[in-house]
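Visitor: I would like to learn how to read the contact between two chains. Where should one begin?

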Number of protein chains: 2
Amino acid sequence: MDDPVLLTGAGGRVGQAILRGIGDAHDWRLLDREPLSSDHLPTGVGEDDVVVADVTDEDAIADAMDGVGAVIHLAGDPRPEAPWNSVLENNIDGTQTVYQAAVDAGVENVAFASSNHAVSAYETDTRTPEMYRPDDDYRLDGTELPRPGNLYGVSKAAGETLGRYYHDTEDLSVVCVRIGNLTEGHPPRNYERGQAMWLSHRDCAHLFDRCIRADYEYEIVYGISDNERKYYSIDRAREVLGYDPQDDSAEYTLAGDPIDDE
Amino acid sequence: MDDPVLLTGAGGRVGQAILRGIGDAHDWRLLDREPLSSDHLPTGVGEDDVVVADVTDEDAIADAMDGVGAVIHLAGDPRPEAPWNSVLENNIDGTQTVYQAAVDAGVENVAFASSNHAVSAYETDTRTPEMYRPDDDYRLDGTELPRPGNLYGVSKAAGETLGRYYHDTEDLSVVCVRIGNLTEGHPPRNYERGQAMWLSHRDCAHLFDRCIRADYEYEIVYGISDNERKYYSIDRAREVLGYDPQDDSAEYTLAGDPIDDE
């Protein structure tokens with residue numbers, strides 16, 4: 001079996017989507033700052049594979065990195081409205097701790113959970129809501145400069161830049177995934193923006209599986225399903241990672257209209 | 001007279017170059033974490049115009065912002081080799097404190113001292129030293145993603161993104177100046193890279209004068225003189241700010257060769 005994959009923030013929404021989808025496909029080490037109950041763990045993952053620690057705890061993170069082959073780093077304050085002090089500590093400082101520990105431990109690659117909020121201020125009043133619609137060809141592709149719509153998004157952009165630095169200076173392979181709107185079962189209703197950036201649970205798990213297995217240097221990709229309505233390009237994720245999403249929020253719409261509640 | 005300009009890091013190298021060049025042109029409020037001696041002050045600036053405070057001190061920065069029209073924010077740990085904890089606190093957290101206080105006080109524009117180190121990892125082994133030479137047409141122009149060569153550069157890139165956020169959400173005018181190699185009298189000797197990114201003292205003062213006076217939304221510009229050998233474009237600074245540099249490191253070379261010590 002390959003070296004274990006360290007998954008930080010394993011108990012969170014994205015972490016649980018990944019574990020439910022590809023829990024059997026890898027040997028895991030799970031990290032969360034809260035204890036994980038047994039229904040949060042894939043089959044075969046026992047207490048010895050779970051680390052309860054904060055990502056800003058350098059010693060604990062260094063210990064958790066021992067023998068690890070790849071890292072999926074999700075831990076942080078996930079609230080778009082999180083205050084500056086929290087994202088500074090949990091998201092910016094915590095992410096630097098994880099990258100540095102990965103380098104020190106000789107880890108080969110890190111997938112970093114960035115966010116659509118790193119670029120949400122591209123959605124200006126003059127551009128929306130047309131950009132959410134299928135006939136609009138506006139696309140962000142990951143080469144654009146960050147334009148965060150909140151301080152959480154600023155912290156995610158900083159995590160991307162930290163990844164660039166650790167790639168360029170330490171040869172760490174880093175992929176930053178700007179995750180869209182992850183919901184289970186169906187796309188968000190009455191929310192065109194969320195439909196345009198929908199990421200289904202199975203596509204999420206598959207995408208991070210590709211982040212573990214693929215060869216890359218430094219990448220910024222968008223993490224959304226193969227939605228008919230979109231303003232994020234998934235070409236780069238397909239090309240570099242072999243991402244092959246199965247879902248499309250349009251399949252849940254009626255006659256091409258946005259999904260409405262009954 | 002216009003509202004005073006708040007200059008943070010007034011006692012540092014860049015701050016002193018600015019004050020020596022345009023000390024008479026504005027009404028100043030000077031901030032530094034160390035007391036400033038009288039030879040650091042322009043004529044007409046007295047003790048009442050000097051604030052001794054750390055940029056991470058929210059209350060002190062809020063007080064210093066009172067009645068200010070524009071800010072030149074230079075304060076921070078200036079060492080390219082500065083450790084993470086110092087740049088996290090002084091450069092990232094400190095810069096957020098300054099932007100937020102500027103917004104709260106109704107300041108119109110902030111010029112942020114970014115750095116060539118925010119993009120120094122574009123200088124790869126295969127690209128250098130040719131990119132430092134006059135016949136090479138490789139140019140960075142401020143639209144490229146950050147590629148810091150050190151954690152100090154990461155912190156400067158984060159300051160740029162914070163500026164983008166405060167512009168997009170609070171309508172603050174922000175210009176980020178990626179300052180090159182500022183030396184007094186002549187360009188650095190025996191250092192092609194430094195010659196290609198040389199910023200003379202008078203061009204530095206003039207550039208920040210333009211940052212105070214010009215109208216702009218959000219900009220990233222390069223702060224170098226009009227050097228014959230360069231890999232940073234100054235087109236955007238000329239166009240948006242009206243930057244009109246007077247110096248060129250090539251004027252100090254012999255027969256087009258890099259400057260050598262005797």
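Guide: Begin with the record, and keep in mind that this is a predicted model. An unreviewed UniProt entry lists residues 5-182 of chain A as "domain: NAD-dependent epimerase/dehydratase". Over residues 5-182, chain A is 33% helix and 18% strand, with the end C-alpha atoms 22 Å apart.

Visitor: How many residues does each chain bring to the contact?

Guide: Chain A brings 26 residues and chain B brings 26 residues.

Visitor: What is the area buried between chain B and chain A?

Guide: Interface size is often stated as the accessible area lost when the parts come together. Here about 2,200 Å² is buried between chain B and chain A, and carbon and sulfur atoms give 71% of that area. On the chain B side, B:Trp84, B:Leu145 and B:Tyr165 supply 24% of what chain B buries against chain A, more than any other three residues.

Visitor: Which residues does B:Arg147 pair with, and how many salt bridges cross the interface?

Guide: The rule finds two salt bridges between chain B and chain A. In one of them, B:Arg147 pairs with A:Asp168, and the closest N and O atoms are 2.9 Å apart. As for polar contacts, six residue pairs are counted between the two chains, with both residues at pLDDT 80 or more.

Visitor: Which helices of chain B supply at least two residues of the side that touches chain A?

Guide: Helix H3 (84-105) and helix H4 (151-170) of chain B each do. H4(B) gives the largest share, ten residues. By type, the residues on this side of chain B divide into 14 nonpolar, seven polar and five charged.

Technical notes. Residues numbered from 1 in each chain as written. Chains lettered and ligands numbered in written order. Predicted model: local features only at pLDDT ≥ 70, side-chain atom pairs only at ≥ 80, totals over all residues. Heavy atoms only, no water. Contact = heavy atoms within 4.5 Å. Buried area = accessible area lost by both parts, 1.4 Å probe. Salt bridge = Lys/Arg side-chain N within 4 Å of Asp/Glu carboxyl O. Polar contact = N/O pair within 3.5 Å; in protein donor to acceptor, adjacent residues only side chain to side chain. Helix = DSSP H or I, 4+ residues; strand = E, 2+ residues; numbered from the N terminus. Nonpolar A, V, L, I, M, F, W, Y, C, P; charged D, E, K, R; others polar. UniProt positions renumbered as here; feature names shortened; annotations may be inferred.
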